[in-house]
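Dear colleague,

I am handing over a structure that you have not worked with before, and below it I have set out what was found in it. Please look through the model first and then read the notes beside it.

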Number of protein chains: 4
Amino acid sequence: MMQISNFQQVAEQYDAIFFDAYGVLKDSKGLVTGIEKTFDWLATTGKEYLVITNDASRSPELLADGFHSRGLHAIEADRIVSSGMLAKDFLDMKVSDGMVAYMGTLNSAHYIDDSGLHTIPVCDLNDENTERVTALVMLDDEGFNWFEDLNKVVNLLRRRAIPAIVANPDRVYPVNKNEVSIAIGSLAAMVEHIVGKKFIRFGKPDSQIFMFALEKLYAIRQVHRKKILMVGDTLNTDILGGNKFGLDTMLVLTGNTLAHEAESRIMSTGIVPTFICESAAL
Amino acid sequence: MMQISNFQQVAEQYDAIFFDAYGVLKDSKGLVTGIEKTFDWLATTGKEYLVITNDASRSPELLADGFHSRGLHAIEADRIVSSGMLAKDFLDMKVSDGMVAYMGTLNSAHYIDDSGLHTIPVCDLNDENTERVTALVMLDDEGFNWFEDLNKVVNLLRRRAIPAIVANPDRVYPVNKNEVSIAIGSLAAMVEHIVGKKFIRFGKPDSQIFMFALEKLYAIRQVHRKKILMVGDTLNTDILGGNKFGLDTMLVLTGNTLAHEAESRIMSTGIVPTFICESAAL
Amino acid sequence: MMQISNFQQVAEQYDAIFFDAYGVLKDSKGLVTGIEKTFDWLATTGKEYLVITNDASRSPELLADGFHSRGLHAIEADRIVSSGMLAKDFLDMKVSDGMVAYMGTLNSAHYIDDSGLHTIPVCDLNDENTERVTALVMLDDEGFNWFEDLNKVVNLLRRRAIPAIVANPDRVYPVNKNEVSIAIGSLAAMVEHIVGKKFIRFGKPDSQIFMFALEKLYAIRQVHRKKILMVGDTLNTDILGGNKFGLDTMLVLTGNTLAHEAESRIMSTGIVPTFICESAAL
Amino acid sequence: MMQISNFQQVAEQYDAIFFDAYGVLKDSKGLVTGIEKTFDWLATTGKEYLVITNDASRSPELLADGFHSRGLHAIEADRIVSSGMLAKDFLDMKVSDGMVAYMGTLNSAHYIDDSGLHTIPVCDLNDENTERVTALVMLDDEGFNWFEDLNKVVNLLRRRAIPAIVANPDRVYPVNKNEVSIAIGSLAAMVEHIVGKKFIRFGKPDSQIFMFALEKLYAIRQVHRKKILMVGDTLNTDILGGNKFGLDTMLVLTGNTLAHEAESRIMSTGIVPTFICESAAL
């Protein structure tokens with residue numbers, strides 16, 4: 001019933017392609033087989049592309065290094081849009097002084113503070129410096145002690161009315177074929193529920209990351225929104241977000257959504273991609 | 001404790017002002033007293049403005065007529081950005097054929113279908129035409145029979161995997177000093193929960209309406225985002241959305257948030273406006 | 001994979017059977033074929049039974065009449081436990097004076113007020129009598145104007161700190177093979193969310209209705225809880241509630257849970273019945 | 001406005017008193033001052049009492065030891081009803097073989113397994129033994145590595161359709177005058193949301209713990225439900241649960257609900273105690 005299209009035949013009709021990273025270009029074992037050829041073909045045919053990822057664990061440069069070290073050399077840092085970039089942009093716009101408390105790895109913090117913001121890991125908060133914290137940003141599920149730092153964050157937010165930013169709204173991420181890990185988005189939702197405050201979330205399916213990508217694309221070339229295709233493996237981030245933003249969308253079956261369950265998931269969520277393809281690889 | 005600023009002194013520092021409509025410019029009894037002078041002053045000082053409203057019940061032209069008939073002649077239709085415009089834009093981009101089933105008044109539907117889309121009220125759905133419905137849009141809480149049409153919508157969405165759009169995410173709206181009415185956003189959330197599908201919501205605090213406004217503003221004049229002030233009466237739509245979009249925000253006390261509760265609400269929600277003023281009127 | 005048992009062979013091992021009504025004994029077209037023989041067999045073998053239903057739309061007597069008029073004469077009113085009985089019990093215990101505002105049919109209200117409580121339909125509330133309302137009870141989805149009375153209820157609960165009782169927590173109920181109706185439980189959840197207050201819910205899966213049934217059973221005969229079987233067609237009310245109460249449970253496939261989806265629903269909800277049978281009919 | 005009653009004058013009208021433990025009898029610093037006299041008075045006047053607590057971290061014997069070591073010698077283990085007892089009761093009734101995986105301290109597990117159940121801490125789960133796990137029980141927020149074990153639990157529940165029990169539904173608990181700790185109920189809610197399965201919760205406000213207490217009381221003396229008073233410091237557990245169960249309720253101001261916020265919390269939650277007293281101490 002479900003019609004499976006050929007990636008190349010679909011992509012030919014567009015001027016620019018937005019790719020999700022995890023589950024589309026790479027997975028827990030490395031690159032999706034044959035994905036390099038897709039980028040060769042994009043270069044040959046003069047199509048533009050961007051990678052749009054809910055990954056705030058490191059800078060675009062380090063994310064690009066990750067592709068290069070796996071053998072995908074085409075993707076440069078300036079073609080990557082991450083939810084971490086939106087968190088950084090927000091902090092640069094809205095938080096001018098004080099300290100930004102963070103949960104995540106050193107890499108994730110370095111990216112945030114390279115424009116001059118002062119960051120402090122939640123574990124270093126104490127009675128003296130807590131009053132100087134002007135924002136909290138949750139970047140990654142690693143790099144901190146869950147028990148101690150989640151309890152610290154709850155008490156920080158009970159005491160202070162400061163913006164709390166979640167730079168990756170995902171609830172889980174796959175670690176291998178059968179298992180997932182709890183993502184920072186789930187921890188943030190738990191804290192948000194406990195303290196009863198509204199957090200600010202950046203990342204797909206929220207429109208702001210697509211807007212950010214569109215601005216980046218326009219700086220390269222003016223493309224009509226009808227000529228952009230969003231390619232992703234996850235219905236409730238890539239496809240829902242792309243649809244809402246008015247883009248045509250393609251679900252690929254190399255990640256979160258397996259071939260045998262795609263149709264029932266589309267039916268049960270009501271999130272309908274414009275196209276379904278086996279893979280974004282040629 | 002809470003510092004109350006003077007509207008004019010704050011607004012002077014910005015090049016463009018975004019106003020919420022209900023609770024800022026008008027309320028259940030008419031215009032906010034003195035608000036006309038604010039628009040005279042904006043014209044004199046050459047500041048740009050837009051009205052950003054979660055009102056999908058009619059076209060920008062009819063919304064502007066509403067201001068004119070109350071004596072506020074400065075606001076033209078092209079200065080109004082409504083969540084209904086985003087719903088219409090989505091439908092124009094993503095739903096090319098078939099029929100769009102709607103819940104709302106005739107006025108709300110006329111606006112949606114004036115670009116050629118075929119609309120049908122939910123009450124007219126039957127066994128024959130249901131298969132041709134390609135989207136559902138929830139526009140307004142009036143204009144339909146709640147019992148019959150909400151039940152029809154639940155069964156429509158159980159049977160069909162079509163996009164469901166909510167053009168006003170508000171849960172309630174004030175009808176007089178003491179009472180509220182249930183808004184279409186609450187009805188939509190109930191249906192969404194029953195059918196277990198993800199609806200597409202347009203309107204503050206979602207970023208897409210701010211992006212839409214920004215594009216409209218840029219067509220008039222290029223203004224740095226740091227020089228735009230968002231003025232609203234509701235923390236979890238106007239202020240949360242403005243903050244997230246990177247704008248400075250001003251809470252006014254002429255609507256949903258009363259003076260005596262402003263401070264405790266800011267503390268309990270964690271949504272902090274850049275400024276608080278009695279009113280946007282001069 | 002999923003093992004289907006024979007109802008009689010399973011039931012033989014128990015001293016008392018608790019039956020859900022809708023989807024087990026009857027459906028939208030009438031009695032489940034052959035269900036009368038089950039009750040003949042229960043009488044012959046001296047097993048006790050009770051009917052436990054989330055139906056607050058009428059008294060046990062009228063519910064029993066409904067079975068009789070369809071040809072199932074075995075079920076007397078004193079064998080029926082309904083969520084409406086718990087609501088009535090609560091009101092009798094906790095609300096001694098004033099008026100109880102209700103949403104539902106006349107039948108549902110008559111049952112509540114037959115012990116002397118003064119009831120008033122929400123549509124009759126006005127500025128004068130609202131102050132005398134001491135509780136709100138939501139009984140049935142019919143018998144009132146959704147638009148007018150739901151708005152009235154929201155404003156009543158914003159103004160007054162009174163207990164709000166939901167006598168049927170179900171979200172939907174089936175009206176024919178393909179369609180459902182929105183139940184009072186969904187309307188209550190919407191109002192609860194809008195006003196931010198905690199409602200008191202009676203009915204499966206909550207333990208209180210099972211406790212009520214157990215007391216009723218003990219008045220007839222002392223049966224060890226291990227010798228009671230709960231039979232139902234709905235995982236998240238009958239089976240979850242029965243399991244939690246420590247009873248063995250049987251899922252039948254004559255109602256909400258269809259044969260082809262039973263296994264995947266058990267897996268996805270984590271609600272595991274002790275037995276699965278085609279039907280409770282012999 | 002809010003009427004403050006005298007504990008003794010209220011309690012005199014009842015034959016049995018149910019006390020919450022934390023915030024009523026003791027707090028982070030020790031016993032509530034003067035609470036011993038309350039138990040002397042209960043003994044003198046021949047009133048019965050029970051302690052009803054959402055504490056599954058240890059056995060009733062160890063909970064009683066905790067009171068004794070602080071100087072409150074009146075409370076024996078057989079007067080304590082804990083949510084852990086309900087979890088244990090459920091496991092004894094419903095899980096006859098296999099292993100029960102648990103999150104919590106050794107003390108919490110020892111209580112569960114002393115009737116012969118085989119328990120295993122989540123940290124000891126591996127590829128071999130996971131298939132033999134027949135239930136998961138979440139007992140306490142301490143005694144395990146949050147990062148490793150929460151991730152293990154998510155993957156366990158994705159793979160297996162087994163009952164998941166939460167023996168303490170509280171979201172947080174106070175650790176000193178200004179700070180709280182995240183309770184196991186919050187961690188459980190996060191996991192529940194991630195895996196999309198329904199957990200079984202025991203503890204106030206759920207009725208089952210009150211039913212359990214009532215049975216315990218009846219074994220001592222037959223008391224009409226109208227002659228039982230539930231005393232607690234928390235609106236949404238003690239007072240909501242007591243009200244729903246049909247008991248008269250008393251809010252005391254020695255714990256979670258402070259004097260200056262009691263009235264606004266009652267109004268905003270709609271949970272109304274029958275009485276409010278400063279303290280349960282004489």
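Across the interface of chain A and chain B there are 4 salt bridges by the rule applied, and in one that can be named, the side chains of Asp89(B) and Arg225(A) meet at 3.8 Å, N to O. Please keep in mind throughout that this is a predicted model. Between chain A and chain B there are also 18 residue pairs in polar contact, counted where both residues have pLDDT 80 or more. On the side of chain A that touches chain B, two or more residues come from each of α4 (83-94), α6 (146-159), β12 (200-201), α8 (207-220), α9, β14 (248-252) and α10 of chain A, and the largest share, 5 residues, is that of α4(A). Sorted by class, this side of chain A has 15 nonpolar, 10 polar and 14 charged residues.

The contact between these two chains takes 39 residues from chain A and 39 residues from chain B, and the area buried between them is about 3,100 Å², with carbon and sulfur atoms giving 57% of it. In chain A, the residues that lose the most area to chain B are Met93(A), Lys94(A) and Lys244(A), which together account for 21% of what that side buries.

Chain A also meets chain D, in a contact that takes 21 residues from chain D and 21 residues from chain A. Chain D and chain A bury about 2,000 Å² between them, 63% of it on carbon and sulfur atoms; the rule finds 0 salt bridges across this interface, while 6 residue pairs are in polar contact, again with both at pLDDT 80 or more. On the side of chain D that touches chain A, at least two residues are supplied by each of α6 (146-159), β11 (180-182) and α7 (184-195) of chain D, and α6(D) gives the most, with 8 residues. That side of chain D divides into 10 nonpolar, 6 polar and 5 charged residues.

Two other pairs of chains do not touch: chain A and chain C have their nearest C-alpha atoms 12 Å apart, and for chain B and chain D the nearest C-alpha atoms are likewise 12 Å apart.

Turning to the empty space, the structure holds 9 cavities of 30 Å³ or more, and the largest of them has a volume of about 60 Å³. Its lining draws on chain A and chain B, including Arg225(A), Lys244(A), Asp89(B), Met93(B) and Phe212(B), so that both partners of the salt bridge between Asp89(B) and Arg225(A) appear in it. The elements that give two or more residues to this lining are α4 (83-94) and α8 (207-220) of chain B, with the largest share, 4 residues, coming from α4(B). By class, the lining of the largest cavity has 7 nonpolar, 2 polar and 3 charged residues.

The second largest pocket has a volume of about 990 Å³, and among the 33 residues that line it, the closest to its centre are Val272(A), Pro273(A), Thr274(A), Phe275(A) and Ala161(B). At least two residues of its lining are supplied by each of α9 (235-244), α10 (259-269) and β15 (275-277) of chain A, together with α4 of chain B. The lining of this pocket has 18 nonpolar, 8 polar and 7 charged residues.

With kind regards

Key. Residues are numbered from 1 along each chain as its sequence is written. Chains are lettered from A and ligands numbered from 1 in the order in which they are written. This is a predicted model: local features need pLDDT of at least 70, side-chain atom pairs count only at pLDDT 80 or more; totals for chains, interfaces and linings use all residues. Side-chain values use heavy atoms; hydrogens and water are left out. On a 1 Å grid over the protein atoms alone, a cavity is a set of points where a 1.4 Å probe fits but cannot get out, and a pocket is an open set with protein on both sides within 12 Å along at least five of seven lines; lining residues have an atom within 4 Å of a point. Grid points are joined across faces, edges and corners, and a volume is the space filled by probe spheres set on the points. Ala, Val, Leu, Ile, Met, Phe, Trp, Tyr, Cys and Pro count as nonpolar, Asp, Glu, Lys and Arg as charged, and the others, Gly among them, as polar. Contact means heavy atoms within 4.5 Å. Buried area is the accessible area (1.4 Å probe) that two parts lose on being put together, summed over both. A polar contact is a pair of N or O atoms within 3.5 Å; within protein, one must be able to donate a hydrogen and the other to accept it, and residues adjacent in sequence count only if both atoms are side-chain atoms.
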